[in-house]
Amino acid sequence: MRRWALVIGASGDIGAAVAAQLAADGWSLYLHYHKNAQRVATACAELAAAYPKQDFLSLQYDLTDGGHLDELVGQLFAVDAVIFAAGQTYYHLFKATTQAELSALAAVHLLTPMALVAKLQDKLAVSGHGRVIFIGSVYGGSGSAMEVAYSTVKGGQSAFVHAYAKEVASLGITANVVAPGAVATKMNRSFDAATLSAVEADIPAGRFAKPADVRYFVRMLLDPAADYLTGQTLYVTGGWLQ
Ligand SMILES: NC(=O)c1ccc[n+]([C@@H]2O[C@H](COP(=O)([O-])OP(=O)(O)OC[C@H]3O[C@@H](n4cnc5c(N)ncnc54)[C@H](OP(=O)(O)O)[C@@H]3O)[C@@H](O)[C@H]2O)c1
């Protein structure tokens, strides 16, 4: 039977890696993007050529918007899994954080995803093995100076799945967070080489994660045999900060 996953942030580095793996595993995909239409259009074309029996559809949505979710969900057929791999951060002291930054972080990482999950619940329940997966962050557990607001919303993702998992376990839906440490993606490109080297030196595994290190655990959670793991935050950090 055809399985459908919605990858929120499929135009990002972790989301793109997840989408490529799921396509190889036989999933049909809704690939969401915000601004990078080109990356998702290219991925849809390449995946359709490689896996002609599956479907690959693109979706544009700004998670800071929070409205029009019924229109978004109305574009979807079945949804067996939703993976939230979108996000941004701001790097400065908390006292310099603006109201606009707080609102954007809350909307993108937490509030709009929560509202979307509520609207997807009936579709996920039909699946029998429905999956809600957030790409969280080790900072959601440990906290980080200079990224206080980001750490807070990442912790909120974990708090959400811990509670929501209990409400939907009887529907066959699991909800979990895969929480990476530092991943080599474009999200970290604004840091200079010295800062990146200092972080790397602090990671017991001796290197940044690759997107593939993160998607491995997403894939594991999507397996129907993973039905009994729910409400958890899996820290994928190379031993960093935990
Ligand atoms: N990289 C790390 O070190 C790291 C560590 C821990 C956790 N994470 C988490 O992993 C997730 C993926 O990050 P990444 O490293 O893959 O980052 P990335 O390559 O920069 O991708 C970010 C993604 O978020 C989307 N996005 C940003 N703002 C959006 C908005 N307003 N509405 C909708 N989508 C929006 C982007 O869409 P467009 O490109 O289409 O605009 C893109 O798909 C994030 O939740 C991040 O917090 C990352």
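This report describes the confidence of a predicted model and the surroundings of its ligand.

## Model confidence

The model is predicted, and the protein has an average pLDDT of 97. A score of at least 70 is reached by 100% of the residues.

Among the elements of the protein, strand β5 (residues 131–135) has the highest confidence, at 99. The lowest confidence is in helix α7 (residues 193–202), where the mean is 93.

## Ligand site

The ligand occupies the largest pocket. Two or more residues of the shell around the ligand come from each of these elements: α1 (13–24), β2 (28–33), α4 (99–127) and α6 (148–168).

There are 32 residues around the ligand. Those that come nearest are Ser 11, Ala 86, Tyr 150, Val 183 and Thr 185. By residue class, the shell holds 13 nonpolar, 14 polar and five charged residues.

## Polar contacts and burial

Nitrogen atoms of the ligand appear in contacts with Asp 62 and Leu 63. For Asp 62, the partner is an N or O atom in the side chain, at 3.0 Å from a ligand nitrogen. For Leu 63, a backbone N or O atom is 2.9 Å from a ligand nitrogen.

An oxygen atom of the ligand lies 2.9 Å from a backbone N or O atom of Gly 87. The ligand taken alone exposes 900 Å², and the protein buries 92% of that area.

Technical notes: Residues are numbered from 1 along each chain as its sequence is written. This is a predicted model: local features need pLDDT of at least 70, side-chain atom pairs count only at pLDDT 80 or more; totals for chains, interfaces and linings use all residues. Side-chain values use heavy atoms; hydrogens and water are left out. A residue is near a molecule or strand if one of its heavy atoms lies within 4 Å of it. A polar contact is a pair of N or O atoms within 3.5 Å; within protein, one must be able to donate a hydrogen and the other to accept it, and residues adjacent in sequence count only if both atoms are side-chain atoms. Accessible areas come from the Shrake-Rupley method with a 1.4 Å probe; for residues, only the protein chains shown count as cover. On a 1 Å grid over the protein atoms alone, a cavity is a set of points where a 1.4 Å probe fits but cannot get out, and a pocket is an open set with protein on both sides within 12 Å along at least five of seven lines; lining residues have an atom within 4 Å of a point. A molecule sits in a cavity or pocket if more than half of its atoms lie within 2 Å of its grid points. Helices (H or I, at least four residues) and strands (E, at least two) are DSSP runs, numbered from the N terminus. Ala, Val, Leu, Ile, Met, Phe, Trp, Tyr, Cys and Pro count as nonpolar, Asp, Glu, Lys and Arg as charged, and the others, Gly among them, as polar. pLDDT is the predictor's confidence in each residue, from 0 to 100.
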